[in-house]
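Please look over the sequence and the structure shown below, and keep both in view while reading the explanation that follows.

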Amino acid sequence: MSISINTATYFRICTFIFLSTFTKMNIKSAEFKCSNTKIDKLPPPLLPEYAFIGRSNVGKSSLINTLTQKKGLAKTSQTPGKTQLINHFLINEKWYIVDLPGYGFAKASKNNRTAWERFIRAYLLKRESLQCIFLLIDSRLEPQKNDLEFCAWLGEKSIPFILIYTKADKQSNYITQQNVSKFGKALLEYFEELPQQFITSSETQQGREEILDFIGEINNRFVSPQEGTYY
Ligand SMILES: Nc1nc2c(ncn2[C@@H]2O[C@H](COP(=O)(O)OP(=O)(O)OP(=O)(O)O)[C@@H](O)[C@H]2O)c(=O)[nH]1
Ligand SMILES: [Mg+2]
C-alpha cells in the first residue's frame, strides 16, 4: 500500500515539530557565578561548560549577553581588555558559559601577557568539564596573525574548537563571506579540514539560536564526572 503525499507530508511536519520542541534551547536563567585568576578556585567541574575566547574587543562579552538575552550580564566595553578574569555564568542552573580575557591587547605588559598565556592555556588544556571552545573572529577583518597563531596552537595541542565570526551586521554579507573564506583558506594551511563555524551579530541576534541548539545537543550527551580529583 503506498502512502499518499499528504499523509507523508503530515508525518514529516509532525516529526519536525516534535524534534524542534525537544532540541530547542530556551534560556530560563543566567547568573554570574564567579570570577577567577586561579585555576584551582574554579567551580567544581560537574557541569558542562563552554568557553568564549578571542582577541580583545572581538565581541565575546556582547555575544554572551545576546545568547542569554541579559544585557550587562557580561561587561562589555569599547576599550579593549575589559574582561581580565575568567568569568563563570551559570545558565538554566545546568551549564556554564565562560567569558575569557581577550588576547592581543597591545597595552597589556609583557609580564601580564605571559601570565595570561600560562593561565588560559592551563585552563584550556586541563579543565575537564570544558565541552567546547568557541573561538571568536572579527568578520570585518582580513585574517589576523594572532588569530591564526592561536588556532595553530589549539591544533598542536589537539584541542577542538568552533569558529564564531562576530559583528556580521557591520558590513554586507558579501564582505563577511569574503573574510570568512579568506580565514578558512589561511586555516587550511595548518588543518586538513575546517572546524564548524557560525556567523553572528550581537546587534541583530544572527546565529543565536544555532549556537544555543548546538550547545543543547552537547548538554544532552554530557555525563557528569564523579566528584573527586579534578581541576
Ligand atoms: N555592531 C556590533 N558591535 C559589536 C558586536 N559585538 C560587539 N560589539 C561592540 O564591540 C565592542 C567590544 O565588545 P565586547 O563584547 O566588550 O568585546 P570583548 O571581546 O568581550 O572584549 P574584551 O573583554 O576586551 O576582550 C563593544 O563596543 C560592543 O558594543 C556586534 O555583533 N555588532
Ligand atoms: Mg569581554
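Leu47 counts as partly exposed in this predicted model, because it has 18 C-beta neighbours inside 10 Å, whereas a residue is called buried at 20 or more and exposed at 12 or fewer. This leucine lies in the loop between strand E1 (30-36) and E2, and, if its neighbours within four places in sequence are left aside, Leu47 is in contact with Lys94, Trp95, Tyr96 and Ser129. The chain also brings a far-off part of the sequence towards this loop, for the C-alpha atoms of Leu47 and Phe222 are separated by 8.2 Å although the two residues are 175 residues apart along the chain.

A similar case is found in the loop between H2 and E3, which is the place of Gln84. Gln84 counts as partly exposed because it has 15 C-beta neighbours inside 10 Å, and its C-alpha atom is separated by 8.5 Å from that of Thr37, which is 47 residues away along the chain. Such pairs can be set beside a figure for the protein chain as a whole: of the contacts with a separation of 6 or more, 76% are accounted for by residues 24 or more positions apart.

It helps now to step back to the overall plan. The protein chain has six helices and seven strands, and, read from the N terminus on, its elements follow the order α-β-β-α-β-β-α-β-α-β-α-β-α. Of the 231 residues in the chain, 28% are buried.

How are the seven strands arranged? They form an open sheet with mixed pairing, in the order E1-E3-E4-E2-E5-E6-E7. E1 and E7 are the edge strands, each pairing on one side only, and neighbouring strands of this sheet are turned against each other by 25° on average, with direction ignored. Strands of a sheet pair through backbone hydrogen bonds, and they may do so either parallel or antiparallel. E1 and E3 run antiparallel and are joined by six bridges, and Phe32 stands opposite Phe89 in E3.

From the sheet we can turn to the nonpolar core. The largest nonpolar core has 34 residues, and those with the most contacts inside it are Phe52, Leu135 and Leu136. Among the elements that give two or more residues to this core are strand E2 (49-54), helix H2 (60-68), strand E5 (130-138) and helix H4 (145-156), and the largest share, five residues, comes from E5. Phe52 shows how such a residue is surrounded: apart from its neighbours within four places in sequence, Phe52 is in contact with Lys60, Leu63, Ile64, Ile97, Val98, Asp99, Leu100, Phe134 and Leu136.

Two of the helices that contribute to the core can be read residue by residue. H2 is mostly covered, since nine of its nine residues are buried, and these include polar names such as Lys60, Ser61 and Asn65 as well as Leu63, Ile64 and Leu67. H4 has 12 residues and reaches 16 Å from its first C-alpha to its last, which is close to the 16 Å expected at 1.5 Å a residue. The buried residues of H4 are Asp147, Phe150, Cys151 and Leu154, and, seen down the axis of the helix, they fall within an arc of 100°, so they line one face. An α-helix has 3.6 residues a turn, so residues three or four places apart point the same way. The buried residues of H4 pack against E5 and H5, while the face turned away from this buried side carries the exposed residues Lys145, Asn146 and Glu156.

A last feature concerns the backbone angle phi. Most residues other than glycine have a negative phi, and it is therefore worth looking at the residues here that depart from this habit. Gln69, just after H2, takes a positive phi of about 55°, and Ser158, which follows H4, has a positive phi near 55°. Glu93, in the loop between E3 and E4, has a phi near 60°, and Glu93 counts as exposed because it has 10 C-beta neighbours inside 10 Å. Gln205 also has a positive phi, of about 70°, and is placed in the loop between strand E7 (197-199) and helix H6 (208-221); with 13 other C-beta atoms within 10 Å, Gln205 is partly exposed.

Notes:
Residues numbered from 1 in each chain as written. Chains lettered and ligands numbered in written order. Predicted model: local features only at pLDDT ≥ 70, side-chain atom pairs only at ≥ 80, totals over all residues. Core = buried A, V, L, I, M, F, W, Y, C linked by C-beta atoms within 7 Å. Helix = DSSP H or I, 4+ residues; strand = E, 2+ residues; numbered from the N terminus. Contact = placed C-beta atoms within 7 Å. Expected span 1.5 Å × (residues − 1). Arc of directions from axis to C-beta. Pairing = 2+ DSSP bridges. Axes fitted to C-alpha atoms, helices over the stretch in contact; angles between N-to-C directions.
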